[in-house]
Amino acid sequence: MTILAWVLLSFMIGLLVGLGLYVVIGACIYHTIFARKGKIKRAIERKKNSQEEIDFWSKHDFKDVMITSFDGLKLRGKFLNNGSQCVAFLVHGYGGNYVDMAKYADIFLKRGLDVLAVDNRAHGTSEGDYVGMGWIDRLDVIKWCEFLSQEKPYSKVLLFGQSMGASAVCMASCEKLDCHVVGIIEDCGFDNTFKEVSYIYQKGKLHTKFFLNLFTSYANRKNGYDMRQADAIRQLKKTSLPILIIHGSDDDFVPTEMAYNIYNNLDERRRNLYIASGAKHTESYDVDKKKYIKVINKFLDKEHIC
């Protein structure tokens with residue numbers, strides 16, 4: 001065999017090995033984070049809803065609602081007409097479902113608002129094999145807004161999201177929405193999808209930069225978008241909506257610095273920040289219920305939202 005043949009053979013073997021690593025490693029990490037039955041998501045789902053959260057939805061006259069997403073998925077949620085011209089649109093986080101939003105729905109119902117709480121794609125009762133990580137979910141927020149405009153001619157819509165859902169409503173804020181959004185409350189959302197996914201990845205065992213690059217390349221192709229471009233701050237800067245940013249001081253899933261990053265990059269005239277001392281991820285309400293409700297009501301009153 002000639003030298004040229006050996007070179008070509010070595011090149012082909014190297015190419016095949018590289019392609020194999022790309023597919024195997026990239027797909028493995030991608031499914032761990034993004035798949036409906038992925039390891040990380042399943043670990044979060046093991047935290048069962050309390051009986052109080054489950055009972056809340058049956059105690060009130062919520063009706064089952066459904067829409068079809070831009071890519072043909074059946075997305076489901078719960079809606080309650082409380083006789084208001086203002087509706088709180090609630091979006092849960094990664095690994096959650098609409099049931100998680102019971103305590104937040106209760107805040108808004110007691111304030112007299114209508115409530116829509118949804119299951120994100122690949123969560124709960126909604127269809128989908130892969131989670132949207134905020135960026136794709138923002139397109140589902142747009143479709144749910146179309147539902148609200150058809151359900152009732154609301155004069156005001158408040159977007160409320162937690163964790164991934166918080167990022168989703170922030171990312172949707174500058175899109176063309178059929179409903180009249182007047183404010184945003186984001187609880188422990190991440191500022192950028194790539195930064196958050198990288199943070200989650202680095203908590204794993206195979207957290208080398210080489211594998212991260214393989215995974216990122218695979219995920220971008222699989223998702224159809226560059227995760228670095230999925231940026232909540234960039235989207236929020238295109239709006240003038242008032243926003244309340246809530247985060248736990250001890251959040252180890254979405255770093256607290258992301259809340260400060262969002263806050264520091266927005267116009268001071270519309271930004272509001274509450275850092276719950278001692279709270280971990282999604283625990284800001286739990287560590288001080290009275291303070292949490294007071295902060296929300298103060299924000300709604302101050303901005304004349306609902």
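These legends go with a set of close-up views of a predicted model.

**View 1. The whole protein, before we zoom in.**
Let's start with the parts list: the protein has 12 helices and eight strands. Of its 306 residues, 54% are buried. Now think about which residues touch which. Take the contacts with a separation of 6 or more: 77% of them link residues 24 or more positions apart. Keep that in mind when you compare the sequence with the structure.

**View 2. The largest nonpolar core and F89.**
Nonpolar side chains tend to be buried together in soluble globular proteins. Here, the largest nonpolar core has 66 residues. Which residues have the most contacts inside it? They are F34, F89 and F215. Apart from this core lies another one, with 35 residues, including A105, L158, A276 and Y285. Back to F89: leaving aside its neighbours within four places in sequence, F89 is in contact with L116, V118, V141, W144, L148, V157, L158, L159 and F160. Try finding each of these partners in the sequence, then look for them around F89 in the structure.

**View 3. Helix 5 crossing helix 6.**
Here you see helix 5, residues 137-151, and helix 6, residues 164-172. Their axes come within 8 Å and cross at roughly 70°. An angle from 65 to 115 degrees counts as roughly perpendicular, so helix 5 is roughly perpendicular to helix 6. The crossing is right-handed. Who meets whom? From helix 5 come D137, R138 and V141, and they meet M164, A168, M171 and A172 in helix 6. Sort the residues of this contact and you get five nonpolar, no polar and two charged.

**View 4. D140, a buried residue in helix 5.**
Stay with helix 5, because that is where D140 sits. Is D140 buried or exposed? Its relative accessibility is 5%, and buried means under 20%, so D140 counts as buried. Not counting residues up to four places away in sequence, D140 touches I67, S69, F70, L75 and R121.

**View 5. Helix 3 against helix 4.**
Now for helix 3 (residues 51-59) and helix 4 (residues 102-110), whose axes come within 9 Å and cross at roughly 45°. That angle makes helix 3 oblique to helix 4. On the helix 3 side, look for E53, F56 and W57; they meet A102, A105, D106 and L109 in helix 4. The residues of this contact divide into five nonpolar, no polar and two charged. You have already come across A105, since it is among the residues of the 35-residue core.

**View 6. Helix 4 again, this time with helix 12.**
Helix 4 also packs with helix 12, which covers residues 289-302. Their angle is about 45°, and their axes are 11 Å apart. So these two helices are oblique to each other, and their crossing is right-handed. Y104, I107 and F108 in helix 4 meet Y292, I293, I296 and L300 in helix 12. What kinds of residues make this contact? Seven are nonpolar, with no polar and no charged ones.

**View 7. K47, out in a loop.**
K47 lies in the loop between helix 2 (39-45) and helix 3. With 66% relative accessibility, K47 counts as exposed. Look for G96 too: K47 and G96 are 49 residues apart along the chain, yet their C-alpha atoms are separated by 9.2 Å.

**View 8. Two loop residues with a positive phi.**
Most residues other than glycine have a negative phi. S163 is not a glycine, but its phi is positive, about 55°. You'll find S163 in the loop between strand 5 (156-162) and helix 6. At 4% relative accessibility, S163 counts as buried. C188 also has a positive phi, near 55°, and is a residue other than glycine. Where does C188 sit? Its place is in the loop between strand 6 (181-187) and helix 7 (193-201). C188 has a relative accessibility of 1%, so it counts as buried.

Note on methods
Residues numbered from 1 in each chain as written. Predicted model: local features only at pLDDT ≥ 70, side-chain atom pairs only at ≥ 80, totals over all residues. Heavy atoms only, no water. Core = buried A, V, L, I, M, F, W, Y, C linked by side-chain atoms within 4.5 Å. Buried < 20%, exposed > 50% of the residue type's maximum accessible area, 1.4 Å probe, protein only. Contact = heavy atoms within 4.5 Å. Axes fitted to C-alpha atoms, helices over the stretch in contact; angles between N-to-C directions. Helix = DSSP H or I, 4+ residues; strand = E, 2+ residues; numbered from the N terminus. Parallel < 35°, antiparallel > 145°, perpendicular 65-115°, else oblique. Left-handed = near helix turned anticlockwise from the far one by under 90°. Nonpolar A, V, L, I, M, F, W, Y, C, P; charged D, E, K, R; others polar.
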